[in-house]
Every structure is written in structure tokens, then in C-alpha cells.
Amino acid sequence: MVIRHFRYASHAVDIPPLIRLWLLRILVPLGGQRKFLSPDGFAIDALAETIGLGHWIDPSPKDLDLKVIRAELRQLHQNAETQWAKEPVSARMHDNIEQLSKLVGLNNVDCRILEFAVAIHNERLLDDAADWLEQLSTVKVFHALSVILNLPEHDIRASLSAQSILARSGLLAVERKGAGTLRGKLNLLSDSFADLMASAEANPIHLLSGTVSMASQGQLRLSDYEHIQPSLGILQPYLHRALREGRRGVNIFVHGTPGTGKSQLARALAGDLKCELYEVACEDEDGDPVRGELRLRAFRAGQSFFSQRRALMVFDEVEDVFNDGEGFFGRRSTAQLRKAWINRMLEENPVPTLWLSNSIKGLDPAFMRRFDMVFELPVPPRKQRERILQESCGDLLDSSRISRIAEVETLAPAVVAKAAGVARSIREDVGSAQAAAAFEHLICSTLEAQGLRAPLAHDPNRLPPIYDPRFINANADLDAVSRGLVAARAGRLCLYGPPGTGKTAYARWLAQQLGAPILVKRASDLMSKWVGESEKNIARAFREAEQEKALLLIDEVDSFLQDRRGAHRSWEVSQVNEMLTQMESFAGVFIASTNLMHGLDQAALRRFDLKVRFDYLRADQAWELLCRHCADLALATPAPEHQAGIARLQRLTPGDFAAVLRQHRFRPIESATALLAALEAECALKEGAPRPVGFL
């Protein structure tokens, strides 16, 4: 070990008498004098001044009489034991320790140890002198404290055990891994705790500075969480009763993707219950992340400090504790390393706690079953998203833009709130139109940065102005089907046929007849490369449609309903099973559309109430549609030769008309002949289409 020789200021450091006694106990009974005193003089002159040996500082080494100095040091120690053993460190420290004693139930030994731990973190001389005890194991720490504080060693052990009040409250814990300095082995609640204890009144909020703080006012209300009403209907009365009765072991686990409003939900609940809300910090005062172990200690302190208050606690980003291990290398998480304590805490904590996580993955089932409630907070459904947009930025956006942005299924409330704040702050400088554009730009940028789909430029659910189901060539009376579904409000339909025949458009028209929103899911929205994730996405789609009371349309359903008899992988079977289960339990209107009817699972086909084939337009439908579009484009009425020409297009669909009309925006159609030629070109590109022969 390197012996340090410090040359502090030659005058005595002004420290309380009790700390001088502790210094003398380190030097004499514990043998620190061997490092402090040498033939060359004192290792720290300021310490010699402080304890009463200042008159030995100036003589030259040849005049030093070590034997006399040691005898004088022993006498100083004996005098200090007589004079200062009952002295407090300071009046402020004494009062603060007393307050903490009443708050968390510390005994006399706990108070003495905590007093010393605060002092060694604040007093440089005490810390440096304790370093002369060299690297201490945990057992040697107990012995050293027993000597320094003049307390029985078994009492020291009890006060510093893992089950002690000091440990359970998070105020002080012994670092049990390896050896270290005395100061390094005594871990206080936070870096600022020692300074606060010595210099300020022991207000619980101040003492927890940087570790636990009072939550700010929330921006959302419980009415913004109607999409989780079944869970809220249980959670609200349960927390109300728990607070009223002082029930222990109340813990709620809420998981959901970032930005869904988990923290805001906690604040809304606290406001509704008229109680204080305290958050365990995940960053320290410098903005650096706090280790899971330190966050747990802060949580324990908060539980002790606020147990007599009407309060809730929030532990956000619980991955820091429950999922910070390395499964590949076998390293367990912070929670698993303290499994017994975590289990006991989840059964005994006095302050009801909301544990928030971005994902439930990695949570040990042994912990999960100890939570009173575990539920997911998903992105709000479309209707709710539209209402949040209206309330957050109805003064920025018109109704059509709100409706279009609300279509984004991954749009979280936090993203809306941030973008609205920025856009509103610049509106006065750039004008309302630019502020609205800025809001949408911010939404798009954030979603794209998260790898999510941004709002589409046009409303995908808007039907063309001249839409009419009469222009669908189906093997069922679609008007009669719509009337029946409007009356029953439930049904499972499979719409199949070539692309462009109007399956998706009919589903949107049907939603209008039902007066219900439509939730459109494509195969790409639901398929995942992760095993089991596609099944979860399927279940989530049905659940969202049920919450919104929406018509659910799943396009390209053949991706999920392939015949299980030909399956080569287990997940191919599980996806079909999940789809069938959700179809049977869904109480609303469900429409599946596919271009490929061949190869669908037979059990799935039996579960559809009605299977409707959508085919290419009949000649009379194609002719009437041509006439209608010519009128809409202010073109001359088609001639008989046009009727003969369109009758030859055997693979014409409503989708072909839509494609040609989109071309009209940049390549104007000036006559019925040009319109017919464009339709013919669309049909010629289709697989199996006959090549035209002759002239029109």
C-alpha cells in the first residue's frame, strides 16, 4: 500500500469534538498511528494540529522523539474518551438524525452508525485517517465501527444486516463485494445525502434530492384513457381503497411501447385520487443514468419516508432492475440478485406503487405473479387518437388533417404533445398554415426516426365521390348484405377475387353504412420476423377493433390462413389458430379479403358467415361506369363504338378506372376515346389478358 503524506494547512482543522475522538480511536486502538507517525514526521500535519500534536510539527526529524509522541497520543485519546464520548457531531446533525429516527424507526445504534457514515463522507481528515486501516473486508468494517463508535460488534452487525432498518430504508448499505476503504464500504442513499444531512433541515423531499422527486402536473386526464377502461375500472377503486385502508404490498405493473402515456396515466390517477405522487429518478442531477441497484435503494427510502402520507410512487423504466442482466452470458438481473428482497417488498411496501416498463419481456414470472395487476397500455385506438389530436391541436389543424393523422396506428400521445408544443410556440412568427405544416412535419420525423410509418398524404379511407356498389360484379346482393349487417351489427365475411375488383372499397362503404370507423390491417402490418409476434399483432388488431367498435378489414388474409395440412413450421399453424380464435370471439363486423382463395384453410372457410366472389366488371357495368366518368370529367358522351370497345375488355375492374383517373392529374384525358385507350392499356398489362386484335 502506498503511504500518503499530506501537507495540509498547518493550523488545526475546525471539526467537532466527537469527530476528534473518532480520529483518536482510529489512530490508537485501531493502530492508524503506524501510518500517521514516522521518523520523518506526520503524514498529515493538519491532523496533528487538530488532535493536539501541533507543537511537534516544526522540529527537525532528529529532534522527534517517537516514543514520547506516542505516549502523548495515548494520553490525548484517554482525555478525549472522558470529555467527548457523549458529544453530538453537531446540533443540525443531531436534529436531522432524530427526525429520521422518528420517520423510519431507527434505533440508537442505527443513529450512531448513520451519524458516522455522514461524517466520513463530509470530513476529509476522517476519511484520510480511516484509509490507514487499509482495505477492509465486511467483517473488518464491523470491527472497525465497533471500536470507533464504542458499540458492541454484534449490534453493529445487526444494524448493518440486509434486513435492518438502515438497509430496508435505503439510507445506508454496506458494500459486501470485496474489500475497500471504510468510506467506500459505507454507501449512503445518494451523493448529496451527506451534505444535506449536515447543512439543511431533514426534509424528506430534500434528503431524497436526485433520487426521488415529486411528480409534475400531468397533461392528460383519465378520460384520455377510455381505451383501457376495463383495467381502469378495477384500478381506480382498488387504489382508492388501498390508500384509505393503508393496505400494504400494492403494486401495479403497466407495460407499453414508449410514448403511450404510462407516466401521464400515473399522474392522472394521482390527481383523481387526490394524493401525492413521487417518482424514482432514472437519471442523477447531472443527467447520467442511475444504476438499478441505486434506484432500488432510492425506492426503499421513499417507501420509508412517505409511508405516513397519502401518496403513490412511480418506478419508471423498470428494465433497469428487472431486465438488466445478460441472458446470453448468464448474468442475472439486479432484481434476480435480490430476489428474496424484491418478493418481500412486493408483499409489504406501504406506499402503493406503479411500475412502468416499455416491455414485459424479461420479467421473471416469479415477480410477475406478485403484482396485483399487470396490464398493457397500448397506443390509443383511432377514435381516441382523433380526440387527443383535437384537444391538443384543434386550433392548429383542420378536421380533415386531424382525421388523416389519426389514421397512424402507432401515434402515441407523447409524440402529439411534443409536436403540438413546438408548433404552437412558432405560430405567431410563421402563421397558422406554416404552424400546421410544422406540426405534421414533426410528427413524421419522429415516427420515421422510430422506424414507424408516417401519416399518409391523403386519407386512405376516403371513397371516390361517385362510388356505387352497383359497379361491383359480385355473386351476392351487396345491398342486401349491407342492410343485414346494419341490422345485426355482427358478421364474418370473406371477400375474394382478382385485384382491383372493389373488395377494400366495399368494406369502406359498408363501414359508412354501419356508421362505424374502419380499421384496416394489411399482412405487412401484422407479420413479424419474431416468433409469436405475429399472433400478438393479430390479437391486438381484433382487440383494437372491439375497443373502437370498428369494422375490421384484414387484407391479404391468405398470408395467415393457409391450409395447415401443408404447414412445415409450427408458427404457420399457430398463426392460423390465432386467427380462427380471434374470428370466433369477435363480436363485431369482420371482413377478410384475398386475391388467392385457393389454398385457404378449410376450417377457416367454414367460420366465415358469407364468402363473396368479386369478379371483373360485366359489360353493362363497364359501359355505365365509362359514361359516368366522362360526365364527371366534362367529356363528350361516349359513342356506340366506345360501348363495343369497352365490352371487349374482359378483365376490366373499378380499380382500373381509379388508376386512369390518377393519371388524369398529370396527363389530362380529353375524350372518351382517350379514356378507353388508357383502360385498354391497363387491362393489357394483366397476366393472362388476351392480346387485342384488329382496330377499335
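The chain holds 34 helices and 16 strands. Its radius of gyration is 38 Å, well over the 26 Å that the globule rule gives for 696 residues, so the chain is more spread out than a compact globule. The model is a predicted one.

The dimensions fit into one line. Along its principal axes, the C-alpha trace spans about 130 × 50 × 50 Å.

Next come burial and surface. Of the 696 residues in the chain, 50% are buried. The chain exposes about 33300 Å². Carbon and sulfur atoms supply 51% of that exposed area.

Contacts tell how the sequence folds back on itself. Take the contacts between residues at least 6 apart in sequence: 75% of them join residues at least 24 apart.

Now the space inside. Rolling a probe the size of a water molecule over the atoms shows where empty space is left. A search of the whole structure finds 2 cavities of 30 Å³ or more. The largest cavity has about 50 Å³ of space. Its lining is made of 11 residues. Lying nearest the centre of the largest cavity are Phe322, Ser357, Ser359, Lys361 and Leu363.

What kinds of residue form that lining? The table splits the lining of the largest cavity by type.

| Residue type in the lining | Number |
|---|---|
| Nonpolar | 5 residues |
| Polar | 4 residues |
| Charged | 2 residues |

In short, the chain is more spread out than a compact globule, 50% of its residues are buried, and the largest cavity encloses about 50 Å³.

How values were computed. Residues numbered from 1 in each chain as written. Predicted model: local features only at pLDDT ≥ 70, side-chain atom pairs only at ≥ 80, totals over all residues. Heavy atoms only, no water. 1 Å grid on protein atoms, 1.4 Å probe; cavity = no way out; pocket = protein on both sides within 12 Å on 5 of 7 lines; lining within 4 Å. Points joined across faces, edges and corners; volume = space filled by probe spheres on them. Nonpolar A, V, L, I, M, F, W, Y, C, P; charged D, E, K, R; others polar. Helix = DSSP H or I, 4+ residues; strand = E, 2+ residues; numbered from the N terminus. Rg over C-alpha atoms; globule rule 2.2 N^0.38 Å. Buried < 20%, exposed > 50% of the residue type's maximum accessible area, 1.4 Å probe, protein only. Contact = heavy atoms within 4.5 Å. Areas by Shrake-Rupley, 256 points an atom, 1.4 Å probe, with all protein chains shown as cover.
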